[in-house]
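Trainee: I am new to this structure and would like a close look at a single part of it. Please take one chain and go through its strands and what surrounds them.

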Amino acid sequence: MRWLIGGAVVVAGGVVARRLLGGTDQGDGHRQRGQARRRGPQWHVATVNRPAGDVAPGGQLPEPLAGLGDAVEVQLRPAPGDQGTEIAVRLRDGSRLPVAAAARRATGRDPEQAIRAALRESKQLIETSEVLHPDYPPTTEPTPMNKPLRMATQQGRREGRL
Amino acid sequence: MKALVWEGANELAVRQVPDPQLRNEQDAIVRVRRTVTCGSDLHLLGGYIPFMERGDVLGHEFLGEIVEVGPQVRNHKVGDRVVVCSFVSCGKCWYCQQQQFSLCDNGNTNPMITENVWGAAPGGCYGYSHALGGFAGSHAEYIRVPYADQGAFTVPDEVSDERALFASDAAPTGWMGADLAGVKPGDVVAVWGAGGVGQMAARAAVLLGADRVIVIDRLDNRLQMAQTHLGVETLNYEQQDVSGELLERSGGRGPDVCIEAVGMESHSSGPQFWYDQVKQQLRIESDRPIAAREAIYNCRKGGSVFILGVFAGLVDKFPLGAVMNKGLTLRGAQQHGQRYIPMLLERMARGELVPEHLATHTMTLDEAPRGYEMFKQKLDGCVRAVFQPTS
């Protein structure tokens, strides 16, 4: 059965690689075939189950988003179907090269990751008043077999839709 | 503290791990009094869900006593005897407010994994791999319970530990299957799988007014248990023609509701088992959907099929033609336990729902590896093995 686990870990590693090299295509309505070499700023959107007045009371965004400062453009709009408020965020700065973006993503220095993390944390703060942390201290230990999974988990905490 | 940890595929050990800590203001720490094996643990144990790390603590169905609370826990205090829903849900997001608690937006600290695998992330689950948050499981002396006001429920004095334990997962999962499948008075309901969840789904169907409930399995002791404790009919698929029997017992129509409570390691007596087994071991398909196929095939026209068994990925030879041409409603979910647990505890207190017969074996945490071996191999009539990490 060990080989089966190994194969599965390879799949998990592939997920990480896809994420690193392919980026988060979700929500990127601007990217088209033939235009992949240089991409414009991508909108990242999350829906928060609160009215807009609770999302930015007095126009003040929650700290994770406010901390991004003038580097980002933020839009708030009501979510259809009474599902709360959509928060859309993108870099003000212009386009970026995919290769450079992949390198930054791999090292955790991609500003798009910072946006995604800020959106996730803001959504949790607004909805639940705190950001849910993983268990600590861990009960697990690093092994060669779980290295790809640990990479995926680390990456997953930097970004992810939620 | 002492805990049962996953060491690798089909390798378990009891060893010392760090005590859990409060990590959020809405957390509680629970001293585990009873924790029980679940069929879905076997998928993790066997390595079919590739998101486990050596040292992960297993277990998601448990009951205990609160020993520590965060400053934002309002509904519980130290000393409360609680049963805890296996899914970690915030209670505040849109999904939780729709009572779809296992779809919680905020309960999974590793959402990217399942977003890539399934397109979106469900909530977290204790002891159920890093794909569902990486939370330590309940086969331990202590466990951290995030969003304690949402997921922990005080057990009424008149409900014993032995009974309330199953309000954590098996009973709400089974009830949800019958409820969301739309079981109503007069229905004929077929349930594939006579494990804990299947039996609870069958009992739920009875309590929701079904006219006939038929449980299908291959293990006589489990079928006998279902007849004795649930008052339902049974079919042994190794000895009887399931399709023919279901047609006859439903007036030639087929069951109105078919509930699949088996999951990704389904068995059958025919060659299709080997077909799926070979493909699963070669990783050509990740799950064996034999019972799901049968449920779809045997359901009446316009009927309802609910997938309660745990599936992880991709299946082969899925009868989509039957779903479409028979106009079936196909639905599935991990359990929305917070929606049902208070009601189930009331039913347990009234004696309407009596699940403790599922606990065929009770042992200490030190004996847990043996308990899992008995559970997996179904030795000595094991239906569920209950561990008592602390008294």
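Mentor: This is a predicted model, and the part to look at is chain B. A division into domains gives the frame. Chain B is split into domain 1, made of residues 2-168 and 335-388, and domain 2, made of residues 171-332. Between the C-alpha centres of domain 1 of chain B and domain 2 of chain B the distance is 25 Å. Where they touch, domain 1 of chain B supplies 23 residues and domain 2 of chain B supplies 22 residues. On the domain 1 side of chain B, the elements that give two or more residues are helix 1 (39-45) and helix 13 (337-350). That side of domain 1 of chain B holds twelve nonpolar, eight polar and three charged residues.

Now the start of the chain. Strand 1 (residues 2-8) and strand 2 (residues 11-16) of chain B pair in the antiparallel sense over six bridges. The two strands of chain B form a hairpin with two residues between them, and B:Asn10, which is in the turn, has a positive phi of about 60°. Two pairs of residues can be picked out along this pairing. B:Gly8 has B:Glu11 in strand 2 of chain B as its bridge partner, and B:Trp6 stands opposite B:Leu12 in strand 2 of chain B.

The hairpin belongs to an open sheet of three strands in chain B, in the order 2-1-4, with antiparallel pairing. Strand 2 and strand 4 (56-57) of chain B each have a single partner strand and stand at the edges, so one side of each has no neighbour in the sheet. A helix from much later in the numbering also belongs in this picture. Helix 14 (residues 368-377) of chain B lies across strand 1 and strand 2 of chain B, and helix 14 of chain B runs at about 155° to strand 2 of chain B.

Next, a set of strands within domain 2. In general, strands of a sheet pair through backbone hydrogen bonds, either parallel or antiparallel. Strand 14 (residues 257-260) of chain B pairs with strand 15 of chain B in the parallel sense over four bridges. Strand 15 of chain B also pairs with strand 16 (residues 329-332) of chain B, again in the parallel sense over four bridges. B:Ser304 shows both pairings: B:Val257 stands opposite B:Ser304, and in strand 16 of chain B the bridge partner of B:Ser304 is B:Thr329.

The side chains of strand 15 (residues 304-307) of chain B alternate. B:Ser304 and B:Phe306 point one way, B:Val305 and B:Ile307 point the other way, and all of them are buried. From strand 15 of chain B, the unit continues through helix 12 (residues 320-325) of chain B to strand 16 of chain B, making a right-handed β-α-β unit.

Last, one residue in the later part of the chain. B:Thr364 lies in strand 17 (residues 359-364) of chain B. B:Thr364 counts as partly exposed because it has 14 C-beta neighbours inside 10 Å, whereas a buried residue needs 20 or more. Apart from neighbours within four places in sequence, B:Thr364 is in contact with B:Phe387 and B:Gln388. B:Thr364 and B:Phe387 are 23 residues apart along the chain, and their C-alpha atoms are separated by 5.2 Å.

Key: Residues numbered from 1 in each chain as written. Chains lettered and ligands numbered in written order. Predicted model: local features only at pLDDT ≥ 70, side-chain atom pairs only at ≥ 80, totals over all residues. Buried ≥ 20, exposed ≤ 12 C-beta atoms within 10 Å, placed from the backbone. Pairing = 2+ DSSP bridges. Right-handed = clockwise from strand over helix to strand, strands pointing away. Contact = placed C-beta atoms within 7 Å. Axes fitted to C-alpha atoms, helices over the stretch in contact; angles between N-to-C directions. Domains from an automatic or database assignment. Nonpolar A, V, L, I, M, F, W, Y, C, P; charged D, E, K, R; others polar.
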